[in-house]
Amino acid sequence: MPEPDEWMRRLGTLPLRHQPGERWQYQISSDLVGVLVARVTGQSFESFLRERIFEPLGMKDTGFHVPADKIDRLPTLYAPDPQTGEFTVWDEAEGGRWSSLRRSPEAVAGWSPPPTTTTPTSGCC
């Protein structure tokens, strides 16, 4: 993902997918809110959430990455099979972001290091 300024510049060049008020596009609009919150507050979106929401509510284990010593607490992700609709364990390639806990902690390394950019849809866990 590009840096926030470049992402916003690129986003501004795209045509509207829907007329305002007609529909809501959750991912893009949520990411935009994350960039705007960071700009208005002068701190990263993650820091803002931690200071203003997570800490006051006692959510000490909520954030945008899972420290290596707590990776065993990350639950298995299930997703529907496109052909059957049946929910199954979704395991992307080894080391993928959504690997199941049946693998080693290194296999879920996508959640372990802090992300370079945090937005509402970049994976709060």
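Which residues are buried in α3? I began my notes with this, keeping in mind that the model is predicted.

**Entry 1: helix α3.** I looked up the burial of each residue in α3 and found F45, E46, F48, L49 and F54 buried. I then looked down the axis of α3: the buried residues fall within an arc of 155 degrees, so they line one face of the helix. I also checked what lies over the buried residues of α3, and α2 is part of that cover.

**Entry 2: the core.** I searched for the largest nonpolar core and got 6 residues: V37, F45, F48, L49, F54 and F64. I noted that α3 gives the most to this core, with 4 residues.

**Entry 3: helix α2.** I took the ends of α2 as residues 26 and 41, which gives 16 residues. From first C-alpha to last, α2 reaches 22 Å, and I set this beside the expected 22 Å at 1.5 Å a residue; the two are close. I listed the buried residues of α2 as S29, D31, G34, V35 and V37. What do these buried residues of α2 pack against? I found α1 (4-13) and α3 (45-54) as their packing partners. V37 of this list is also one of the core residues in Entry 2. Just after α2 I came to G42, and its phi is positive, near 75 degrees.

**Entry 4: the whole protein.** I counted 3 helices and 2 strands. I read their order from the N terminus as α-α-α-β-β. The protein has 125 residues, and I found 23% of them buried. I looked up the accessible surface as well: about 8,900 Å², with 56% belonging to carbon and sulfur atoms. I then took the contacts between residues at least 6 apart in sequence, and 48% of these join residues at least 24 apart.

**Entry 5: two loop residues.** Where is Q25? I placed Q25 in the loop between α1 and α2. With a relative accessible area of 29%, Q25 is partly exposed. I left aside its neighbours within four places in sequence and found Q25 in contact with R17 and H18.

I went on to T62, in the loop between α3 and β1 (78-80). I noted T62 as partly exposed, at 25% relative accessibility. How many residues apart in sequence are T62 and R50? I counted 12, and their C-alpha atoms are 8.1 Å apart in space.

**Entry 6: confidence.** I looked up pLDDT last. The mean for the protein is 75, and 71% of its residues reach 70 or more. Among the helices and strands, I found confidence highest in α3, at 92, and lowest in strand β2 (residues 87-89), at a mean of 79. Over residues 91-109 pLDDT stays under 50. For that stretch the model has 36 contacts beyond four places in sequence. I wrote a caution beside this entry: where pLDDT is low, the predicted coordinates should not be read in detail.

Key. Residues numbered from 1 in each chain as written. Predicted model: local features only at pLDDT ≥ 70, side-chain atom pairs only at ≥ 80, totals over all residues. Heavy atoms only, no water. Buried < 20%, exposed > 50% of the residue type's maximum accessible area, 1.4 Å probe, protein only. Contact = heavy atoms within 4.5 Å. Areas by Shrake-Rupley, 256 points an atom, 1.4 Å probe, with all protein chains shown as cover. Expected span 1.5 Å × (residues − 1). Arc of directions from axis to C-beta. Core = buried A, V, L, I, M, F, W, Y, C linked by side-chain atoms within 4.5 Å. pLDDT = per-residue confidence, 0-100.
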